[in-house]
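Subject: Structure for you to look over

Hello,

Here is the structure I promised to pass on. Please open it and keep it beside you while you read my notes.

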Amino acid sequence: MSNTPLSGLPIGRGLIYLIIAGAAWGTAGAAASLVYRTSDMGPIALSFWRCAVGFVLLLAVRLLRPRPRRTVSEPLARKALRAGATGIGLAVFQTAYFAAVEATGLAVGTVVTLGAGPVLIALGARLTLGERLGRGGVAAVAGALTGLAVLALGGEGATVRPWGVFLALVAAAGYSVMTLLTRKWGRDGGADAAETSVWAFAVTSLCLLPLALVDGLLPHTADPIRLVWLLAYIAAVPTALAYALYFAGAAAVRSATVSVIMLLEPVSAAVLAVVLLGEHLTVPTLFGTLLMLGSVAGLAVAETRGARREREREREPMPA
């Protein structure tokens, strides 16, 4: 099967969507830290409100915009399967990640979750989708993972706890399944990324609601207006906007490339921590950031060249 996306989105635009999504995800951490300073809201409750309000925003946009004409109507059962699988994968990813951070700390939880993701996705894409990374791709993934480790672990002591590592691997598995399924449906054609985003967030919100009730759904705060603005930002930018771009881009770009580009999240978070939160720019932070940015740029160039070569082969006349 050709690697040309049947989703209708050009490779270049898909890469841009993913870069914006990764950078937007990185702002969620800084905004969440301000939420925690403003109120007693817990991480699971924050994740629930993030997904629930994000669902409302995505649904409103979908209802207001003109619907494109579709020549083939997709069966309802297939739509439900896509939304359910994506929503459960997203819920597992977020919940297990938060639990991993609580169990073994932010640095180790982040490194294991985001570091295992590209490896699991590369293996899954090779076994289920027939996508090859090539030597350059393997080198880029290795460079990105090295940069992630330096960025997250270089500036602080880290404690590794087996239970926390296991939870981080569960989170990585949920993220990997979500990414691989999105890519498969994009290659098969007929999948509406915007519709998948909307109903996936509905499923995720339902999955997170019981945990959020235990965590404390309604927070106490001395500054409710500021809290509402922060929650609105988290739901709108690093959630509704970022995930809509992520699902659209992930349907058009190779899965392993998607996973590495999304490592821009900790890079964006590190930059915001220095610029807005007053943290010091350390040598490990600078080195890890540059290494990850170089790896992302290398994979993006390779992805674009591969798509160009694929189009050129398709234009070649068939032998008589």
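A residue counts as buried when its relative accessible area is under 20%. Keep that cut-off in mind for what follows. Note also that this is a predicted model.

**Overall picture**

The protein has 11 helices and zero strands. Read along the sequence, the pattern is α-α-α-α-α-α-α-α-α-α-α. There are 320 residues, and 48% of them are buried. The exposed surface comes to about 15800 Å². Carbon and sulfur atoms supply 69% of that surface. Now take the contacts with a separation of 6 or more: residues 24 or more positions apart account for 92% of them.

**Helix H2**

Start with H2, which covers residues 43-64. Does its length agree with the expected span? With 22 residues at 1.5 Å a residue, H2 should span 32 Å. Its end C-alpha atoms are 31 Å apart, so the two values agree.

Which residues of H2 are buried? They are Ile-44, Ala-45, Leu-46, Ser-47, Phe-48, Arg-50, Cys-51, Ala-52, Gly-54, Phe-55, Leu-58 and Arg-62. Here is a general point that helps when you look at any such helix. An α-helix has 3.6 residues a turn, so residues three or four places apart point the same way.

Two other residues of H2 are worth a look. Val-56 has 51% relative accessibility, so Val-56 counts as exposed. Its C-alpha lies 9.0 Å from that of Ala-240, although 184 residues separate the two along the chain. Pro-43 is also in H2. At 31% relative accessibility, Pro-43 is partly exposed. Pro-43 touches Tyr-36, Phe-98 and Asp-215, leaving aside residues up to four places away in sequence. Ala-32 is 11 residues from Pro-43 along the chain, and their C-alpha atoms are 8.4 Å apart.

**The nonpolar cores**

In soluble globular proteins, nonpolar side chains tend to be buried together. In this model, the largest nonpolar core holds 41 residues. Which of its members touch the most other members? They are Leu-18, Tyr-175, Phe-201, Tyr-243, Tyr-246, Val-258 and Met-262. Several helices each supply at least two residues of this core: H1 (11-38), H2, H3 (76-104), H4 (106-129), H6 (162-188), H7, H8 (224-250) and H9 (255-261). H8 gives the most, with seven residues.

Leu-18 is a good place to zoom in. Leaving aside residues up to four places away in sequence, Leu-18 touches Tyr-246, Gly-249, Ala-250, Val-253, Val-258, Ile-261 and Met-262. Another core lies apart from the largest one. This other core has nine residues, among them Val-35, Leu-46, Leu-227 and Ile-234.

**Helix H8**

H8 has 27 residues. From its first C-alpha to its last, H8 reaches 36 Å. That is close to the 39 Å expected at 1.5 Å a residue. Where does H8 bend? The bend is at Ala-242, by about 35°.

**Helix H7**

H7 runs over residues 193-215 and includes Ser-197. Is Ser-197 buried or exposed? Its relative accessible area is 1%, so Ser-197 is buried. Ser-197 touches Leu-58, Tyr-243, Ala-244 and Phe-247, again leaving aside residues up to four places away in sequence.

Leu-211 is in H7 too. With a relative accessible area of 39%, Leu-211 is partly exposed. Beyond residues up to four places away in sequence, Leu-211 touches Ile-44 and Thr-95. Leu-211 and Thr-95 are 116 residues apart in sequence, yet 8.8 Å apart from C-alpha to C-alpha.

**Cysteines**

A disulfide is a covalent bond between the sulfur atoms of two cysteines. How many disulfides does the structure hold? The count is zero. Why is Cys-51 not in one? The closest cysteine sulfur, in Cys-207, is 9.8 Å from the sulfur of Cys-51, which is too far for a bond. Cys-207 is in no disulfide either. Cys-51 is buried, at 0% relative accessibility. Cys-207 is partly exposed, at 36%.

Best wishes

Technical notes
Residues numbered from 1 in each chain as written. Predicted model: local features only at pLDDT ≥ 70, side-chain atom pairs only at ≥ 80, totals over all residues. Heavy atoms only, no water. Helix = DSSP H or I, 4+ residues; strand = E, 2+ residues; numbered from the N terminus. Buried < 20%, exposed > 50% of the residue type's maximum accessible area, 1.4 Å probe, protein only. Contact = heavy atoms within 4.5 Å. Areas by Shrake-Rupley, 256 points an atom, 1.4 Å probe, with all protein chains shown as cover. Core = buried A, V, L, I, M, F, W, Y, C linked by side-chain atoms within 4.5 Å. Expected span 1.5 Å × (residues − 1). Disulfide = S-S within 2.5 Å. Bend = angle between axes of the 7 residues up to and from the residue.
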